[in-house]
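Work through the exercises below with the model open. Each task is followed by its solution.

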Amino acid sequence: MFAPHLTASARSDLIWTSRRQTSGVSMMTLYFLTPILRILVPIVTSILLVVGLNGCATLEERRRVSLAQDIDTCASFGAAHGSPDYTGCMLTQQQRRDAQGVEALEQARLATEINKTMQDMTDSRIRNCERQRKHDRPGARRRTCA
């Protein structure tokens, strides 16, 4: 017998609900999966959080990596450490990196603006569709405005 911890009334309710289908999954299946999900969801969430945070570098780490790359670049050009050519090369590398940062911020701003415009257009289309739906004649095929 399944679910021995339930009262007879609860078991009969459970049997009745197990016969109903919800999105192709029986309620009985959901009942027995719930304890497993209560255990698995926090574990999976924790794992994803740890993996995601391991990929994040601190600002100081990124600066060190950038500085090392700039030093390698200037050394590959043949500029000796401390020379005017080396200083000019390091300044050029920093300006290049700053320009990349400004460009990335501008692209993010444009993407946000485009998304906002698209959302406004979608909202306007839905409002117009719903307004037209009110004026449809009775018995006509219903419009879907989603």
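The expected span of a helix is 1.5 Å times one less than its number of residues. The model used here is predicted.

**Exercise 1. Check the length of helix α4 against the span expected at 1.5 Å a residue.**

Step 1. Helix α4 covers residues 84-134, which is 51 residues.
Step 2. At 1.5 Å a residue, α4 should span 75 Å.
Step 3. The end C-alpha atoms of α4 lie 75 Å apart in the model, so expectation and model agree.

**Exercise 2. Place α4 in the chain: how many helices and strands does the protein chain have, and in what order do the elements run?**

Step 1. The protein chain has 4 helices and 2 strands.
Step 2. Read from the N terminus, the order is α-β-β-α-α-α.
Step 3. Turn to burial. The protein chain has 146 residues, and 13% of them count as buried.
Step 4. Turn to contacts. Take those in the protein chain with a separation of 6 or more: 20% of them join residues 24 or more positions apart.

**Exercise 3. Find which residues of α4 are buried and name a helix that helps to cover them.**

Step 1. The buried residues in α4 are Y86, C89, M90, Q93, R97 and C129.
Step 2. Their cover includes α3, residues 59-76.
Step 3. Recall a general rule. An α-helix has 3.6 residues a turn, so residues three or four places apart point the same way.

**Exercise 4. Describe how α3 packs on α4.**

Step 1. Two packed helices are described by the angle between their axes and the distance between the axes.
Step 2. For α3 and α4 the angle is about 135 degrees, and the axes are 9 Å apart.
Step 3. That angle makes α3 oblique to α4, because angles over 145 degrees would be needed for roughly antiparallel.
Step 4. The crossing of α3 past α4 is right-handed.
Step 5. List the residues that meet. From α3 come S66, L67, Q69, D70, I71, T73 and C74; from α4 come Y86, C89, M90, Q93, Q94, R96 and R97.
Step 6. Sort the residues of this contact by type: 6 are nonpolar, 5 polar and 3 charged.

**Exercise 5. Are Q93 and R97 buried or exposed, and what do they touch?**

Step 1. Both Q93 and R97 sit in helix α4.
Step 2. Q93 has a relative accessible area of 8%, so Q93 is buried.
Step 3. R97 comes to 19%, which still means buried, as the cut-off is under 20%.
Step 4. Leave aside neighbours within four places in sequence. Q93 is then in contact with D70, T73, C74 and F77.
Step 5. With the same exclusion, R97 is in contact with S66, Q69 and D70.
Step 6. Compare the two lists. D70 appears in both.

**Exercise 6. Locate A79 and decide whether A79 is buried or exposed.**

Step 1. A79 lies in the loop between α3 and α4.
Step 2. Its relative accessible area is 17%, so A79 is buried.
Step 3. Not counting residues up to four places away in sequence, A79 touches C74, D85 and Y86.
Step 4. Add a distance. From A79 to M90 is 11 residues in sequence and 9.9 Å in space, C-alpha to C-alpha.

Terms used. Residues numbered from 1 in each chain as written. Predicted model: local features only at pLDDT ≥ 70, side-chain atom pairs only at ≥ 80, totals over all residues. Heavy atoms only, no water. Buried < 20%, exposed > 50% of the residue type's maximum accessible area, 1.4 Å probe, protein only. Contact = heavy atoms within 4.5 Å. Axes fitted to C-alpha atoms, helices over the stretch in contact; angles between N-to-C directions. Parallel < 35°, antiparallel > 145°, perpendicular 65-115°, else oblique. Left-handed = near helix turned anticlockwise from the far one by under 90°. Nonpolar A, V, L, I, M, F, W, Y, C, P; charged D, E, K, R; others polar.
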